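Here is a walk through a two-part story: aromatic rings and the core around them, then the loops and the parts to treat with care. Have the structure open while you read.

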Amino acid sequence: MFVLVEMVDTVRIPPWQFERKLNDSIAEELNKKLANKVVYNVGLCICLFDITKLEDAYVFPGDGASHTKVHFRCVVFHPFLDEILIGKIKGCSPEGVHVSLGFFDDILIPPESLQQPAKFDEAEQVWVWEYETEEGAHDLYMDTGEEIRFRVVDESFVDTSPTGPSSADATTSSEELPKKEAPYTLGSISEPGLGLLSWWTSN
Amino acid sequence: MEVHLSPGWIQTPGRSDPPVSARSSWDDRKDANSALLSNYEVFQLLTDLKEQRKESGKNKHSSGQQNLNTITYETLKYISKTPCRHQSPEIVREFLTALKSHKLTKAEKLQLLNHRPVTAVEIQLMVEESEERLTEEQIEALLHTVTSILPAEPEAEQKKNTNSNVAMDEEDPA
């Protein structure tokens with residue numbers, strides 16, 4: 001679920017923090033910059049793990065702050081492909097089941113990856129697994145707040161760096177509207193053992 | 001670490017290390033996957049970080065630290081609900097030694113460590129192609145190894161000393 005990622009970055013320490021130990025200032029700055037942020041193609045950064053190398057700090061003309069190039073390792077949330085995770089159902093929509101891990105919310109299980117056959121109950125806005133047995137079909141509801149075990153099948157990182165002003169005849173349509181897309185993970189529960197924990201423990 | 005004052009030095013565009021704001025993203029990640037961390041290690045790290053910040057006290061609530069507070073709180077909350085909370089370095093070492101004979105990949109061992117499966121169905125999920133690689137007795141043996149070495153959620157609250165690596169007496173869930 002979590003990986004260590006080695007990164008290099010230049011940290012700016014303003015002059016009024018020069019009395020503090022450099023290591024502490026740098027650790028604080030890096031945490032401020034990275035914690036709870038998603039780095040493109042890397043994952044959700046949790047916190048700084050350690051600093052492996054500090055290069056010389058420079059002061060540039062015109063700016064009184066020192067700039068230090070830092071090599072460090074960061075704890076990143078980045079589930080690998082086919083990993084099994086347990087999360088809570090945040091809600092259901094026609095797009096699928098939304099699952100949350102508390103610290104990471106953008107997990108979607110699309111309808112085709114649900115245990116088949118599944119249907120969406122419009123009245124209650126919830127996905128239902130129609131489980132067939134000899135007695136007849138049981139309807140197993142995927143209610144909000146239930147714990148669910150799923151497998152990671154895909155991940156998508158969205159580049160949210162600001163683009164220039166869109167011209168009137170711009171051809172790309174996806175970034176026109178200020179539609180905030182978060183990087184998300186796609187899951188699947190279409191295997192025995194996956195799905196709500198309660199489905200598999202009562203057997 | 002000494003700070004170099006450079007009065008006579010001119011910053012040229014060709015200088016090799018422009019500040020990161022001039023670049024678009026953290027492209028300088030040297031190794032995007034240098035190590036896999038188990039949930040227990042992250043739990044330990046965050047708990048220690050929380051202790052440290054509690055001791056130093058003053059600037060916990062500045063706006064810059066809010067993100068760190070949020071993510072550590074949420075992640076700790078998540079991990080505390082998993083069986084990783086009760087592990088210790090000795091238990092992890094013992095578990096990995098016991099697993100050597102089963103010939104599992106690193107990712108599979110990590111998943112077993114993080115999730116502590118108790119049924120054969122869960123093992124089949126985490127171990128790829130388990131029907132071909134493991135016989136029924138091997139799956140049973142694996143389950144037994146997992147449940148006997150890794151501690152489960154005990155009924156009574158176990159006091160865990162988070163400030164030092166004290167080996168915990170693991171309770172065998174009879």
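## Rings, core and loops

Y78(B) is buried, with a relative accessible area of 10% (buried means under 20% relative accessible area, exposed over 50%, and partly exposed in between, using a 1.4 Å probe and protein chains only). Before going further, a word on the ground rules: this is a predicted model, where local features need pLDDT of at least 70, side-chain atom pairs count only at pLDDT 80 or more, and totals for chains, interfaces and linings use all residues. Residues are numbered from 1 along each chain as its sequence is written, chains are lettered from A and ligands numbered from 1 in the order in which they are written, and side-chain values use heavy atoms, with hydrogens and water left out.

**The aromatic cluster**

Which residues keep Y78(B) company in its aromatic cluster? The cluster is made up of F2(A), F77(A), F103(A), F104(A) and Y78(B). Rings of Phe, Tyr and Trp (its six-membered ring) pair here if their centres lie within 6.5 Å; planes under 30 degrees apart count as stacked, over 60 as edge-to-face and the rest as tilted. Over all chains, that rule gives six aromatic pairs. One of them joins F77(A) and F103(A), whose ring centres are 5.1 Å apart with planes at 90°, so it is edge-to-face. F77(A) sits in strand β4 (residues 66-77) of chain A and F103(A) in the loop between β6 (96-100) and β7 (107-109) of chain A, so this pair ties together parts that are 26 residues apart in sequence. Helices (H or I, at least four residues) and strands (E, at least two) are DSSP runs, numbered from the N terminus.

Both partners are tucked away: F77(A) is buried at 3% relative accessibility, and F103(A) is buried at 7%. F103(A) also pairs with Y78(B), with ring centres 5.5 Å apart and planes at 75°, so that pair is edge-to-face too. This one crosses between chains, running from F103(A) in the β6 to β7 loop of chain A to Y78(B) in helix α2 (residues 63-80) of chain B.

**The nonpolar core**

A nonpolar core is a set of buried Ala, Val, Leu, Ile, Met, Phe, Trp, Tyr and Cys residues joined through side-chain atoms within 4.5 Å. The largest one has 65 residues, and F2(A), I46(A), F103(A) and M142(A) have the most contacts inside it. Helix α1 (residues 39-56) of chain B gives the most to this core, with six residues. Apart from it lies another core, of 18 residues, among them I26(A), L30(A), L48(A) and V76(A).

Take I46(A) as a way in. Leaving aside neighbours within four places in sequence, its contacts (heavy atoms within 4.5 Å) include F2(A), N36(A), F77(A) and F103(A) in chain A, and L46(B), L68(B), I71(B) and T75(B) in chain B.

**Loop residues worth a click**

N36(A), one of those contacts of I46(A), has a phi near 60°, a positive value in a residue other than glycine. Q125(A) is not a glycine either, and its phi is also positive, at about 55°. Most residues other than glycine have a negative phi. Here are the two together with their places:

| Residue | Loop in chain A | Relative accessibility |
|---|---|---|
| N36(A) | between α1 (22-34) and β2 (37-39) | 26%, partly exposed |
| Q125(A) | between β8 (118-121) and β9 (126-132) | 39%, partly exposed |

In chain B, look at R116(B), in the loop between α4 (106-115) and α5 (120-126). R116(B) is buried, with a relative accessible area of 10%. Its side chain reaches the backbone oxygen of T147(B) at 3.0 Å, and a polar atom of that side chain lies 2.8 Å from the backbone oxygen of L150(B). A polar contact is a pair of N or O atoms within 3.5 Å; within protein, one must be able to donate a hydrogen and the other to accept it, and residues adjacent in sequence count only if both atoms are side-chain atoms.

**Chain B and confidence**

Chain B has seven helices and two strands, running β-β-α-α-α-α-α-α-α from the N terminus on. Of its 174 residues, 36% count as buried.

The mean pLDDT (the predictor's confidence in each residue, from 0 to 100) of chain B is 71, and 66% of its residues reach 70 or more. Over residues 4-29 of chain B the pLDDT is below 50, though this stretch has 37 contacts in the model beyond near neighbours in sequence. Residues 155-174 of chain B are also below 50, with 33 such contacts. Where pLDDT is low, the predicted coordinates should not be read in detail. The model as a whole scores ipTM 0.80 and pTM 0.75.
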